[in-house]
Amino acid sequence: MLSDTTSVTTMLPVIDLARARAFYEGRLGLTPGGLKPDGKFVYLVGGSTLALFPKPEGTKADHTAISFRVDDIEASIAALKRAGVVFEDYDFPGLKTVNHVCVLGAEKAAWFKDTEGNYLCLHEDLPAG
């Protein structure tokens, strides 16, 4: 039923919409799609939509809210670091990053937070085999 849906919208809570927009546009390079009548601000990302919506208490999530698939995670990390993005590093059993990257099964992943506390991820699919 839903597999025929043409796109998906990811909803991210933000405390300060102006600050969040500065991050998503200035640091991540997303093209603004505009402010909607209900107060959310949208970006078109590939065939999907990212919507920032004002929420005074911000996020309560301690998990990845959105993950961007990239072709070259190391190059993407370098470009985002040049734009001022700060990546997380982890050293837990089963989750250790090296140069911000962790290999998880069939993908490489790297995490960073937006200005509002949402956990974002880059991931690169590894070749099957």
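How exposed or buried is E74, in terms of relative accessibility? I began my notes with this residue, and I found that E74 counts as partly exposed, because its relative accessibility is 41%. I keep in mind throughout that what I am reading is a predicted model.

**Entry on E74 and the salt bridges**

I next looked up the partner of E74, and found that this residue forms a salt bridge with K108, with the closest N and O atoms 3.3 Å apart. The two residues belong to distant parts of the chain, since E74 sits in helix α2 (residues 73-82) and K108 in strand β9, 34 residues apart. Side chains of opposite charge can pair when their charged atoms come close. I then asked for the total, and the structure holds six salt bridges.

Another one of these joins E116 to R19, and here I noted 2.7 Å between the closest N and O atoms. Because E116 lies in the loop between β9 (107-113) and β10 (119-125) while R19 lies in helix α1 (residues 17-27), the pair ties together parts that are 97 residues apart in sequence. I looked up the accessibility of each partner as well: E116 counts as buried, at 5% relative accessibility, whereas R19 is partly exposed, with a relative accessible area of 38%.

I also wrote down the salt bridge between D38 and K40, whose closest N and O atoms are 2.7 Å apart. For D38 I found a relative accessible area of 54%, so this residue is exposed.

**Entry on T59**

Which residues does T59 touch, if I leave out those up to four places away in sequence? I found P13, E116, G117 and N118, so E116 appears in my notes again, this time as a contact of T59. T59 itself is found in the loop between β4 (48-54) and β5 (64-69), and at 19% relative accessibility this residue counts as buried, the cut-off being under 20%. I also noted that a polar atom of the T59 side chain lies 3.1 Å from the backbone nitrogen of A61.

**Entry on the aromatic rings**

I turned to the rings next, and the structure holds seven aromatic pairs. The one I examined is formed by F23 and Y24, whose ring centres are 5.3 Å apart and whose planes stand at 85°, so I recorded the pair as edge-to-face. Both F23 and Y24 are buried.

Which residues form one aromatic cluster with this pair? I found F41, Y43, F87 and F112 listed together with F23 and Y24. One member of the cluster, F41, also has a charged neighbour, for R21 lies over the face of the F41 ring, at 3.8 Å from the ring centre.

**Entry on the cysteines**

I searched the whole structure for disulfides and found zero. C102 is in no disulfide, and the nearest cysteine sulfur to this residue, that of C121, is 9.5 Å away. The search from the other side reads likewise, as C121 is in no disulfide and has the sulfur of C102 as the nearest cysteine sulfur, 9.5 Å away. Because a disulfide needs the two sulfur atoms within 2.5 Å, I did not expect to list this pair as one. I looked up burial for each cysteine: C102 counts as buried at 3% relative accessibility, and C121 counts as buried at 4%.

**Entry on the loop between β7 and β8**

My last lookup concerned three residues of one loop. V98 has its place in the loop between β7 (95-96) and β8 (102-104), and at 54% relative accessibility V98 counts as exposed. I also checked how far V98 lies from S67, a residue 31 places apart along the chain, and the C-alpha atoms of the two are separated by 19 Å.

N99 lies in the loop between β7 and β8, and I noted a positive phi of about 55° for N99, although this residue is not a glycine. H100 lies in the loop between β7 and β8 too, and H100 has a positive phi of about 75°, again without being a glycine.

Is each of these two residues buried or exposed? I found N99 exposed, with a relative accessible area of 66%, whereas H100 is buried, with a relative accessible area of 15%.

Methods. Residues numbered from 1 in each chain as written. Predicted model: local features only at pLDDT ≥ 70, side-chain atom pairs only at ≥ 80, totals over all residues. Heavy atoms only, no water. Buried < 20%, exposed > 50% of the residue type's maximum accessible area, 1.4 Å probe, protein only. Phe/Tyr/Trp six-rings, centres within 6.5 Å; stacked < 30°, edge-to-face > 60°. Lys NZ or Arg CZ within 6 Å of the ring centre and 35° of its normal. Salt bridge = Lys/Arg side-chain N within 4 Å of Asp/Glu carboxyl O. Helix = DSSP H or I, 4+ residues; strand = E, 2+ residues; numbered from the N terminus. Polar contact = N/O pair within 3.5 Å; in protein donor to acceptor, adjacent residues only side chain to side chain. Contact = heavy atoms within 4.5 Å.
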